[in-house]
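Colleague: I would like a close look at one part of this chain, with enough of the surroundings to place it. Please keep it plain, for someone in the first year.

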Amino acid sequence: MQALWVLIATFCSAVAFASVKASGTSYAFYEVCLVRSVYLLAVTTVLALYQQTSIKTRYSWLHLIRCVAGISATSLNIVAIQHIALGTAQTLFNTAPLFACAWVLLHRRLYTLKNYCLIVAVLFGFVGVYLVLQPSFDKDSFNFALCGLLAGITYGTAQLCLSKLGSINEPIHRTAFYYACAMLIYSVFLTGFFSCKSLIEIFFNPTMFLVGIFSVLAQLAQTQGWGKGKTLLCANLQFSAILFSVLFGWLFFDETFCPSTYCGIAVIILSETISIQIQYMQQTARRS
């Protein structure tokens, strides 16, 4: 039952990004970040107060790296979504586990069969990335596709930081609070200098309202699912975000792909699933 919350989270996340897509390029990435940060900060503050979680931390540098990587990933992902197919952008964004696994492999001795299998799985995933990028983008679209891929790389860094924060028992609400605060400062600065829109125009636009509401719902559902569900199952279900995005792209934006793109999406999901299973087996073996 708890794993169902992960599906709800990925669905809500896909709706939020589909709303970003629906707004076109009329809203800059920093304006979208401003909406997301205000909603997230409000919710995380209430949750932190309810849980009586202190905001003091001994791991400020780790939080800083996580915030920089997470904000960069979100900004790049929004730019990619606004200019290329929703399904393609979200597939590239969800390559983050591949880069996280690749980073782990670079810092591990490669003398076990499971490590070699993990290398093969990661390389298999990058074949999928190549297949997704294979369709004939024009020069500008290809640059935006690279933004999506770079979003996956930076989000992989954020995931590693989150994993480290979790291993040292840093409260989830504190981590989310710092992220929301950092994104708010970042988006307020850029919006104040570059935006010509009023706050009413930004916050009361229907698509931006959907972005804020479904971003919060995704955050809450993800926290509930990952906090109570089985790690391996939750990680595998996380890739349903790609499928939801492809479906929404087809239903609402008339997006269709060539066979190689669909094949690449399937390869990425399969390779990431295998990689997560191998890492989970290794962690279980070390604990026992």
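What percentage of the 288 residues in the chain do buried residues make up? And within helix α4 (residues 86-93), how many residues are buried?

Modeller: One caution before the answer: this is a predicted model. Buried residues make up 47% of the chain's 288 residues. In helix α4 (residues 86-93), eight of the eight residues are buried, so the helix is largely enclosed by the rest of the structure.

The general layout helps to place this helix. The chain has 13 helices and zero strands, so-called α elements following one another along the sequence as α-α-α-α-α-α-α-α-α-α-α-α-α. Of the contacts between residues at least 6 apart in sequence, 88% join residues at least 24 apart. The accessible surface of the chain is about 14,600 Å², and carbon and sulfur atoms account for 69% of that area.

Now the helix itself. The buried residues of α4 are Leu86, Gly87, Thr88, Ala89, Gln90, Thr91, Leu92 and Phe93. Leu92 deserves a separate word. The largest nonpolar core has 45 residues, and Leu92 is one of three that touch the most other members, together with Val32 and Val129. Helix α1 (residues 2-22) gives the most to this core, with seven residues.

What does Leu92 touch, apart from its neighbours within four places in sequence? Its contacts are Val129, Val132, Leu133, Ala145, Gly148, Leu149 and Gly152. Val129 therefore appears twice in this account: as a contact of Leu92, and beside Leu92 among the residues that touch the most other core members. There is also a second, separate core of six residues, which includes Leu76, Val79, Cys147 and Ala151.

Before α4 in the sequence comes helix α3 (residues 60-83), where Gln82 is found. Gln82 has a relative accessible area of 12%, which is under 20%, so it counts as buried. The side chain of Gln82 comes to 3.3 Å from the backbone oxygen of Gly24. Setting aside neighbours within four places in sequence, the contacts of Gln82 are Val20, Lys21, Gly24, Thr25 and Tyr27. Gly24 is thus both a contact of Gln82 and the residue whose backbone oxygen the Gln82 side chain reaches.

Charged pairs come next. The structure holds two salt bridges. One joins Lys197 and Glu31, with their closest N and O atoms 3.3 Å apart. This pair links distant parts of the chain, as Lys197 is in the loop between α8 (172-194) and α9 (199-203), while Glu31 is in helix α2 (residues 29-50), 166 residues away. The partners also differ in exposure: Lys197 is partly exposed at 25% relative accessibility, whereas Glu31 is buried at 2%. The other salt bridge is between the side chains of Arg174 and Glu170, at 3.2 Å from N to O. In this pair both residues are buried.

The outside of the chain offers a contrast with α4. Phe124, Val127, Leu270 and Ile274 make a nonpolar surface patch of about 310 Å². Helices α6 (113-133) and α13 (259-287) each supply at least two residues of the patch. Val127 is found in α6, and its relative accessible area of 43% makes it partly exposed.

Two loop residues are worth a look for their backbone angles. Most residues other than glycine have a negative phi. Gln52 is not a glycine, yet its phi is positive, about 55°. This residue lies in the loop between α2 and α3, and it is exposed, with a relative accessible area of 73%. Asn169 also has a positive phi, near 60°. Asn169 lies in the loop between α7 (139-167) and α8, and at 67% relative accessibility it counts as exposed.

To return to the part you asked about: α4 is largely enclosed by the rest of the structure, because eight of its eight residues are buried. Leu92 is one of those buried residues, and it is among the three residues that touch the most other members of the largest nonpolar core.

Key. Residues are numbered from 1 along each chain as its sequence is written. This is a predicted model: local features need pLDDT of at least 70, side-chain atom pairs count only at pLDDT 80 or more; totals for chains, interfaces and linings use all residues. Side-chain values use heavy atoms; hydrogens and water are left out. Helices (H or I, at least four residues) and strands (E, at least two) are DSSP runs, numbered from the N terminus. Buried means under 20% relative accessible area, exposed over 50%, partly exposed in between (1.4 Å probe, protein chains only). A polar contact is a pair of N or O atoms within 3.5 Å; within protein, one must be able to donate a hydrogen and the other to accept it, and residues adjacent in sequence count only if both atoms are side-chain atoms. Contact means heavy atoms within 4.5 Å. A nonpolar core is a set of buried Ala, Val, Leu, Ile, Met, Phe, Trp, Tyr and Cys residues joined through side-chain atoms within 4.5 Å. Accessible areas come from the Shrake-Rupley method with a 1.4 Å probe; for residues, only the protein chains shown count as cover. A salt bridge is a side-chain nitrogen of Lys or Arg within 4 Å of a carboxyl oxygen of Asp or Glu. Patches are made of residues with over 30% relative accessible area and no salt bridge: like charges are joined within 9 Å, nonpolar side chains (Val, Leu, Ile, Met, Phe, Trp, Tyr) within 5 Å.
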